[in-house]
Amino acid sequence: MQGLEDLYREIILDHYKNPRNSGQLDSPPAHRAEGYNPLCGDEVAVYVANDGDRIVDIKMSGQGCSISRSSASLMTVAVKGKSVAEAREAIRTFKNMMSIHEAALGAEAEDQVGPADLRTLGELAALQGVVKFPVRIKCATLAWNTLSQLLDEIEAGESN
Amino acid sequence: MEAMTTQDTTDTLDVARIRADFPIFDRHGEKPLHFLDSAASSQRPIQVLAMMDEYYETTHANVHRGVYGLAERATEQYEDSRVAVGAFVGAPDPSREIIFTKNATESLNLVSNSFARGLFAPGDKVVLTKMEHHANLVPWLMVKDQMGIEIVYIDHDADGYLDLDGLDAKLDGAKLVSLTLCSNVLGTLNPVKEIAARAHDAGALVVADGAQYVPHIATDVQDLGIDMLAFTGHKMLGPTGIGVLWAKAELLERMPPFLGGGDMILDVRLDGYTPNEIPYKFEAGTPPIAEAIGLGAAVKYLSALGMDKVRAHEIALSEYAFRRFEEEFGRDLVVHGPKNPLDRGGVLSFAYRNVHPHDISQVLDQFGVCVRAGHHCAKPLMRTLGVAATARASLYIYNDESDVEGLIEAIAATRSFFG
């Protein structure tokens, strides 16, 4: 099951079994957004408490497979305490890593997510193996797309 | 071209011989293929593929139009398939009562749209069950939005059996009942014959969704006592892109057309049109000719096997699977729906420990085991089961004990990742 070892790395299984920042924040004052994957029924809710430009707390809840849950958990760790701009950069780097297009480019793709990016990604790099399983990319990106939408709403001042 | 080679005269299906008719089992790759997703779409035998190739290579022309020999032969083959498919479900007047559509979903949309164009009035009551596929749910919800019909649901118990207490109250004043013959998630075989009789007593028409039933169980629309039946070709060894609606001729005569265009008219003026006779009234535009002919070959293949033997095979294999699941996994593995194989089709939706269905399906794929993971287009039912998704293994004529064993080995392997 060599291929599966790439997908189900230890860090991923650890975040799946022991999710970080799991739960809810009172909203308001916190901001909240939901994401769904209509194909499989996975759901995620992301809560962000901000102080001006800074994400002072973040929680996530919902249900889904190991990839979708662990990715949500890893995401909360990656952006907690960061500025909105830094969080957006993390989203961009992560979604870059999840791009099938770049994976298809083989060696060139590794140049695009370079060592500096991988350092930024930290534990998130464990999710790199997902790209080899294209059906699961939507699982991995669900929470990130939801956070991206939530940050849009916060900046537009529309969220509750 | 000899279309039928699998004339089986024994009491049980000869699975090895059947598998030899399905090229995919030889050609898909290195690993043995344990294809357990026929409830989503079956594989197809060489007899169906060859029939379609032969049609395209020797016969193709548009149907019901040309006066030349080629077009006549195409029309004849298309109409022969209509009769064969009708005979397969016991239609009393197949040449007039079988309508070819794109799939079962389109068949049900044909019924709901047609009824919304003259046979329903606002406030009319439609009775469904809570285990319907979205295809037999959303079309009625659309009519509800459009003209304000009332939708009432028959409930089911924890084991997946319909709760018929209070049925007569639900049927009282109902215009139409639409329900599945076999649940695509629970496998439940619903007592459609009894419900149809009680619905008729209440003055309601009965539509049956046979997508998961017609491919697996000998079907007789007259014995079931229903008014309409929807099913699809690709779940019963036929090609994709071909579905069927059977309905009683006198009902089809009353129903307004669904799609408009060529072939469905007798006359067109600038201020109106006169619809064609049935069944052509409901077949606008060039139909899926080769697909209809392929479906005709598929029902011949199934008839040659014998639908009673197909059913007996699936009951025996379901019993085997239940027994082996119990032996290997005990309470760690739960199959949703009725536990008695006689009360269910060969659709085994299961939960294994707390492993998410996606993760089960992913690990199974490494073992060449194909199952469906997801909500199976039945989200309301998923909510009543209290799950977002299930893994579903479904059985058909080319499956045997080795597929069940492959499934069990692969399920056990999920423990190396998920404890």
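What percentage of the 419 residues of chain B count as buried? The figure is 59%. This tour of a predicted model begins with chain B and then turns to chain A.

**Stop 1: chain B as a whole**

Select chain B and display its backbone. Its secondary structure comprises 17 helices and 15 strands. Aligned along the principal axes, the C-alpha atoms occupy a box of roughly 70 × 55 × 35 Å. The radius of gyration of chain B is 22 Å, which agrees with the value near 22 Å for a compact globule of 419 residues.

Next, consider the contacts within chain B. Of those between residues at least 6 apart in sequence, 72% join residues at least 24 apart.

**Stop 2: the surface and charges of chain B**

Switch chain B to a surface representation. About 16,200 Å² is exposed, and carbon and sulfur atoms supply 50% of that area. Now colour the charged residues: chain B carries 37 positive and 58 negative charges. The mean positions of the two sets lie 5 Å apart.

**Stop 3: the two domains of chain B**

Colour chain B by domain. Select residues 15-35 together with 306-413 for domain 1, and residues 51-303 for domain 2. Domain 1 is thus assembled from two stretches of sequence, 15-35 and 306-413. Taken over C-alpha atoms, the centres of domain 1 and domain 2 of chain B are separated by 28 Å. Where these domains meet, 35 residues from domain 1 of chain B and 30 residues from domain 2 of chain B take part in the contact.

**Stop 4: chain A as a whole**

Hide chain B and select chain A. Here the secondary structure amounts to 8 helices and 3 strands. Followed from the N terminus, the elements run α-α-β-β-β-α-α-α-α-α-α.

Of the 160 residues of chain A, 49% count as buried. The accessible surface of chain A is about 7,500 Å², with 49% of it belonging to carbon and sulfur atoms. Among contacts in chain A with a separation of 6 or more, residues 24 or more positions apart account for 69%.

**Stop 5: A:Thr76**

Select helix α3 of chain A, residues 66-79, and centre the view on A:Thr76 within that helix. Is A:Thr76 buried or exposed? A:Thr76 counts as buried because its relative accessibility is 0%, and the cut-off for burial is under 20%.

Finally, display the surroundings of A:Thr76. Which residues are in contact with A:Thr76, leaving aside neighbours within four places in sequence? They are A:Arg20, A:Asn21, A:Ile58 and A:Met60.

Note on methods:
Residues are numbered from 1 along each chain as its sequence is written. Chains are lettered from A and ligands numbered from 1 in the order in which they are written. This is a predicted model: local features need pLDDT of at least 70, side-chain atom pairs count only at pLDDT 80 or more; totals for chains, interfaces and linings use all residues. Side-chain values use heavy atoms; hydrogens and water are left out. Helices (H or I, at least four residues) and strands (E, at least two) are DSSP runs, numbered from the N terminus. The radius of gyration is taken over C-alpha atoms; the globule rule is 2.2 Å times the number of residues to the power 0.38. Buried means under 20% relative accessible area, exposed over 50%, partly exposed in between (1.4 Å probe, protein chains only). Contact means heavy atoms within 4.5 Å. Accessible areas come from the Shrake-Rupley method with a 1.4 Å probe; for residues, only the protein chains shown count as cover. Lys and Arg count as positive and Asp and Glu as negative; His and the chain ends are not counted. The place of a charge is taken as NZ of Lys, CZ of Arg, CG of Asp or CD of Glu. Domain bounds come from an automatic or database domain assignment.
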